[in-house]
Amino acid sequence: MIVDSHCHLDHFDAEERPAIVARAVAAGVTRMVTIGTRVDQAPAVKAIAERFPEVWGTVGVHPHQAGDGAMPTVEELVALADHPRIIGIGESGLDYFYDKSPRDVQREGFRRHIRAARAAGLPLAIHARDADEDIAAILREEREGGAFDFLLHCFSSTPALAEAALGMGGYLSFSGILSFPRSTELREVAARAPAGRLLVETDAPFLAPVPHRGKRCEPAFTALTCAVLAQARGVAPDAMAAQTTANFFRLFQRAGGGP
Ligand SMILES: [Zn+2]
Ligand SMILES: [Zn+2]
């Protein structure tokens, strides 16, 4: 069993979704998490998670959308997450590569999501791109207000941010980027991280792993990324699947403790 800890099923056509979930299950990816990116998209996430027993959801506002409207308050985020199929907060974080929202707005949104994760007792899925120092600094500052669980999704940042996150008890989730030929440093980070802190994901429909690179990605491909992770760490693919699945259920407790 493999869990796709981060995908965007709302990006696929509704008519096609049953086949996409079925292909994932056939590939051993029997559970997946479809991710919140906007407040007005939360009902769609919940509907998908209600429709498919294999799918859970999260609620949050992506840093790209942070400047689009009123950022929800901590209380609003906690209320939005009060649903049996919602098992996490996010994605939130900082994206200084695209800079689609003003940076101060992104930072304020990120802090609110951290506080909501803490208040709701749910893990936070963090999106981090070209913002390593601010991500680490905000995580450190916010921890003074009390512990919270988090993962760095689609991890592709520096070894320094990996180390900082792991030092704060965080998890790293690897996507298809891990399979790209140039991702040598990333595979080294993945090889060195503690086995108990690793997750896998697709971020579908984006970032398809080799040999599907450049094409549309779907949750079934999590198995390919899990195999690359296994190879980087010198373990059997089945053992890597079991380890990342156990890690997933330890972090996402509302998912119910596993198969
Ligand atoms: Zn993201
Ligand atoms: Zn995403």
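## A two-zinc site

The zinc ion (ligand 2) lies 3.4 Å from the zinc ion (ligand 1), and Glu 91 coordinates both. His 8 and Asp 203 sit in loops: His 8 between strand E1 (2-7) and helix H1 (17-26), Asp 203 between strand E8 (198-200) and helix H8 (222-233), so the pair ties together parts that are 195 residues apart in sequence. The model is predicted.

The zinc ion (ligand 2) has as donors His 6 (NE2), His 8 (NE2), Glu 91 (OE) and Asp 203 (OD), at 2.0 to 2.4 Å. Along the chain, these donors follow the spacing H-x1-H-x82-E-x111-D. The arrangement around the zinc ion (ligand 2) is irregular because its four donor atoms subtend angles of 86 to 178 degrees, whereas a tetrahedral site would need all angles between 85 and 135 degrees.

For the zinc ion (ligand 1), the protein donors are Glu 91 (OE), His 127 (ND1) and His 153 (NE2), at 2.0 to 2.1 Å. Their spacing in sequence is E-x35-H-x25-H. Here Glu 91 in strand E4 (residues 86-95) and His 127 in strand E5 (residues 124-129) link distant parts of the chain, 36 residues apart.

Relative accessibility is listed below for four of the donor residues.

| Residue | Relative accessibility | Class |
|---|---|---|
| Glu 91 | 1% | buried |
| His 8 | 3% | buried |
| Asp 203 | 9% | buried |
| His 127 | 13% | buried |

Glu 91, which coordinates both zinc ions, counts as buried because its relative accessibility of 1% is under the 20% cut-off.

Definitions and conventions. Residues are numbered from 1 along each chain as its sequence is written. Chains are lettered from A and ligands numbered from 1 in the order in which they are written. This is a predicted model: local features need pLDDT of at least 70, side-chain atom pairs count only at pLDDT 80 or more; totals for chains, interfaces and linings use all residues. Side-chain values use heavy atoms; hydrogens and water are left out. Donors are N, O and S atoms within 2.8 Å of the metal (3.2 Å for Na, K and Ca); water is not among the atoms, so sites may look incomplete. Helices (H or I, at least four residues) and strands (E, at least two) are DSSP runs, numbered from the N terminus. Buried means under 20% relative accessible area, exposed over 50%, partly exposed in between (1.4 Å probe, protein chains only). Four donors count as tetrahedral if all angles lie between 85 and 135 degrees; four count as square planar and six as octahedral if opposite donors are over 155 degrees apart and all others between 65 and 115; anything else is irregular.
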